Amino acid sequence: VALKLNLNPHQISPLNFIGQSLLSKPLECFLWNITTNTISSHDEVITQELAKIEVSEQNKFLDSLRAPKRIFSSLFHYGISKPQVGLYRVIGNSLPPLQSDDQVLKNVEYVLRNEPFFEGVSKKWILNRIWNETYFQLAYKILVEAGISRKDILISCFDVKEFQGMDSFESKKNYLSSIDHAKELGLSDGIVGHGFVWTVVLEGSTFITADSWIMMRKMFKSAHSSGLKWTKIPKHRVDREQQISWLDSETDVNTLLNHAPTKCESDIAFHKSIINETTTSEYTLWQSLISDGSNSCGNITNKQCKCSQYSEDYQNNVREESRDFAYVNTCGLLLQLHRDMDMNWLLYNDYLAENGDRDFFCFLERMRAKTRKLSTSECMYFRFALMNWMKLTDKVRSQFNVIDSASAVCKKNYYQYVAQSPCFQNLVKVKAYKKLISKVEDMHLSHLKQLLNSTAAALSINHIWNLSHQLCHTSRRDSVKIQKHESFLTSFHEPSLQLERAQWKSGLSRGNDLSVILEDLLTKAKRGLKVGPYSVIHKLQTPAGSDRDKRYYFSYRPYLWPFNLLPKQLQTKVRLGQLKLDPPCCLHRDGHRVPGSVIGGVGENNFDRSSAWYVVDNVTTLALAWYFTGDTTYAKYGAYLVDVYFLNETTGMYPTLQYAQDGYKYGLIDWKDMYYFLDALTMLEQSGEFSPLQVKKMVHWCSELGHWILRSNMGNDEARALNNHGLYFDMSTLSLFLYTKEEHFINSAKQRLLFRLTKPYPFGHFAVDGSQPHELNRPTGLHYITFNLVGWMHAAAINEAARMQSDQPGSELSLWLVKHENEAHNPASEPVLCKAIRWLIQYLPVNTSTFERYSDPVDGMGVSWPYEQADAFAFDRMLEILRYGVSVYGLQAMYPTGEIPQNVRRSLQYPLYSTKLATYTKYSSVHPDSGSRAWNALGVINMSKPLPYVFS
């Protein structure tokens with residue numbers, strides 16, 4: 001598709017482009033089945049979409065869907081697999097005449113246009129202290145127009161006040177030229193922010209060929225297995241302006257060496273494990289490693305260490321065709337693109353005018369040939385030759401007379417020495433930086449005078465500097481998040497929590513239901529301080545195939561009954577052949593949980609299901625106790641429980657669910673409530689008791705779990721599910737990646753949720769009347785429709801919290817307002833969730849005392865229940881759904897005629913906070929010393945009026 005539309009396929013996201021431009025739908029929906037090499041259960045969906053495409057294009061599209069797996073494997077990998085290498089490039093200020101004003105940007109464009117796509121690599125860019133707004137806008141425009149996401153553009157801001165406050169030439173020069181701060185920013189973002197296995201920060205004019213990347217990838221893999229924390233990557237500099245004829249996406253390293261034989265200072269790749277040694281600045285560590293005479297290889301003698309040990313003798317390099325480039329084949333090669341230097345500025349001084357250099361360079365060439373082994377710098381050699389030239393008489397000089405063209409050749413030949421000579425460049429840099437600093441100071445002084453003298457001018461200047469100032473403001477906020485990981489609440493409605501806390505602290509809640517439930521919360525939190533810690537290593541059984549390693553989370557399939565645990569009457573039927581075991585050892589009993597799979601039930605110590613709930617429940621309770629009281633004792637113990645269960649190298653759970661429900665495809669559902677827990681982590685972080693290092697480790701742990709889910713067969717099965725399992729798959733990945741701040745995967749989860757919501761049954765979750773046929777056909781249909789719709793309430797709330805935290809909340813769609821696709825253009829139609837809520841709450845009981853016990857569907861329901869419900873049901877679970885409906889849409893929107901059913905009116909009169917609810921009592925008694933489940937009633941959207949931001 002990209003080639004047909006004349007787009008560079010290396011510059012676009014295949015998922016985003018094809019999903020939005022060709023089908024106007026997220027491609028992940030179709031990739032679920034593409035990876036099986038067939039079009040299976042989504043044939044009808046694809047047929048509907050194909051109806052919008054011309055017949056001539058349909059065959060091509062269908063052929064591509066049925067193509068061999070390898071064709072789409074890279075697309076699928078790109079869309080959901082986590083990049084392992086973070087490749088950052090820094091764009092800084094140009095410094096004429098060492099480079100032309102636009103040479104850096106020309107090189108950046110060249111890289112964007114011609115460098116190949118590298119699988120498993122996330123390419124990011126850093127705009128580093130660019131003082132010139134025009135140059136800044138050009139750089140930003142080049143990146144954006146090349147398809148670089150704004151989230152992949154980091155900004156190290158030019159701070160006028162900081163610059164003007166510097167009192168020395170050297171400090172101002174370093175501020176304008178050094179990329180140390182950008183390297184620190186890149187390392188922090190890569191290692192801490194994204195958890196890349198390897199992070200590399202390069203200059204913007206650095207190019208990598210496809211085969212060089214293959215060598216680098218092998219080097220990274222070997223270095224990782226060898227335990228290296230950093231390794232060098234060789235870099236060469238081209239000796240001429242790069243041309244597409246010898247440098248493009250298909251150029252090989254051997255060809256490249258013919259045009260770039262000169263070695264310059266290597267760059268460094270850092271392994272993620274280096275974070276454990278970073279105590280201050282990542283770049284401080286960088287400098288100490290490079291300056292240290294030793295390196296990270298230690299006693300390792302394999303070929304890997306060649307990349308960390310080879311000599312950095314680039315200082316006096318000149319072009320030598322016989323140079324040994326063997327290290328390139330082991331370590332890969334970075335290419336420093338051409339710098340269009342003004343050589344005359346480098347060479348001429350007061351003694352030799354540009355128009356008076358005739359014959360001198362031929363004299364210099366002959367002199368160099370005679371004294372080639374002269375041990376001195378190129379600058380001293382040039383001065384030595386110049387002094388001798390000035391002493392020569394015209395008669396002696398005449399011996400070197402040559403025609404103008406020959407003189408020009410001599411001059412050009414000498415440029416190759418000058419271009420690579422650090423001494424020439426260092427000498428001229430002083431003069432260049434003095435000129436640049438003066439220019440910067442004059443420009444900002446002029447702006448300051450205008451600001452003082454004219455409001456109109458000030459407005460104009462603010463407009464001129466608007467882009468860099470706006471993005472720098474955003475970048476400062478984002479960089480703080482990278483360093484401190486300042487997150488936000490998603491599951492709990494923070495304004496409601498703040499109101500409840502204010503009422504609690506002011507004493508306004510005394511004697512009412514909120515006071516009762518908070519007192520009970522604190523009672524449970526105090527008990528929680530005396531229990532635990534919990535750990536996966538405490539279970540009695542281990543999964544087969546785990547090498548008896550108890551750090552793997554392990555649970556059992558809840559409805560799969562081994563023969564020996566079946567009730568006697570069912571065992572008899574099996575023996576008589578009236579029931580068939582499937583698989584051969586077990587009987588599937590939907591709706592009936594096997595012992596050991598019930599939280600707090602018989603056999604709970606055999607598996608991890610109960611302990612996982614206890615740590616989630618207790619940590620959330622302790623975090624809320626801190627939130628309402630400010631007592632850090634609760635937060636400190638909550639952080640301790642998290643550390644033991646997740647982060648400790650001996651007791652911590654591996655970030656994988658491969659043995660959840662014994663490896664069955666529904667195992668992910670065990671951790672469906674983790675979004676509450678992630679909010680608890682945010683509160684612990686706000687308390688200051690969850691240390692920055694613990695936060696970094698937990699972010700990395702959650703990122704690893706999220707990407708395992710996306711890569712695993714279990715995750716792929718759940719993603720395809722059309723019922724509650726598909727919803728909770730999306731909620732799990734959305735909440736995990738919101739916590740880890742991984743934008744691409746956040747957007748993917750949102751797109752999947754949107755797909756499930758807009759499609760009517762059978763491909764979506766809801767029929768056009770708001771019912772849930774996928775859940776109603778279960779033996780416990782009332783449980784599952786409530787369970788699924790509560791999930792949708794939370795999904796919409798999480799999405800809303802994320803939407804309001806974005807830079808442009810109005811540009812993102814609220815799930816509360818989404819309509820079925822066949823009703824999207826009908827102004828009279830209702831949002832899907834509004835219809836779903838109204839359909840469910842018609843079954844609310846008329847007698848509100850029913851909320852306080854588990855009961856069978858009763859005649860006292862607003863409408864009789866016509867479907868199956870094998871177990872007793874807790875009707876109080878419907879209250880949360882009712883409250884979300886009233887909070888978001890309002891009663892008038894839900895019942896336009898004004899006829900509010902009696903059961904709904906009575907339910908709205910039931911206390912918002914109550915310790916009598918059936919689920920509250922049950923979950924409080926599951927483990928008396930664990931959390932109280934009181935937090936499920938806290939932080940629910942305020943019911944006083946519909947949420948205004950939903951409709952803005």
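Here is a short tour of a sheet, two cysteines and a helix pair in a predicted model.

Residues are numbered from 1 along each chain as its sequence is written. Local features need pLDDT of at least 70 and side-chain atom pairs count only at pLDDT 80 or more, while totals for chains, interfaces and linings use all residues.

Let's start with the sheet. Eight strands (DSSP E runs of at least two residues, numbered from the N terminus) make an open sheet with mixed pairing, in the order β3-β2-β1-β4-β7-β6-β8-β5. Pairing here takes at least two DSSP bridges between two strands. The edges belong to β3 (153-156) and β5 (206-207), each with a single partner strand, so one side of each has no neighbour in the sheet. Helix α11 (residues 210-225; helices are DSSP H or I runs of at least four residues) packs on the sheet and touches β1, β2, β4, β6, β7 and β8, where contact means heavy atoms within 4.5 Å. Further along, β6 (residues 230-237) and β8 (residues 334-336) pair in the parallel sense over three bridges, and Lys-235 stands opposite Leu-334 in β8.

What about disulfides (cysteine sulfur atoms within 2.5 Å)? The structure holds zero. Two cysteines are buried, meaning under 20% relative accessible area with a 1.4 Å probe, protein chains only:

| Residue | Relative accessible area |
|---|---|
| Cys-157 | 12% |
| Cys-586 | 3% |

Finally, the axes (lines fitted to C-alpha atoms over the stretch in contact) of α31 (residues 713-720) and α32 (residues 724-740) come within 6 Å and cross at roughly 120°. Gly-715, Glu-718 and Ala-719 in α31 meet His-725, Gly-726 and Phe-729 in α32.

Technical notes: Side-chain values use heavy atoms; hydrogens and water are left out. Axes are lines fitted to C-alpha atoms, for helices over the stretch in contact, and angles run from 0 to 180 degrees between N-to-C directions. A disulfide is a pair of cysteine sulfur atoms within 2.5 Å. Buried means under 20% relative accessible area, exposed over 50%, partly exposed in between (1.4 Å probe, protein chains only).
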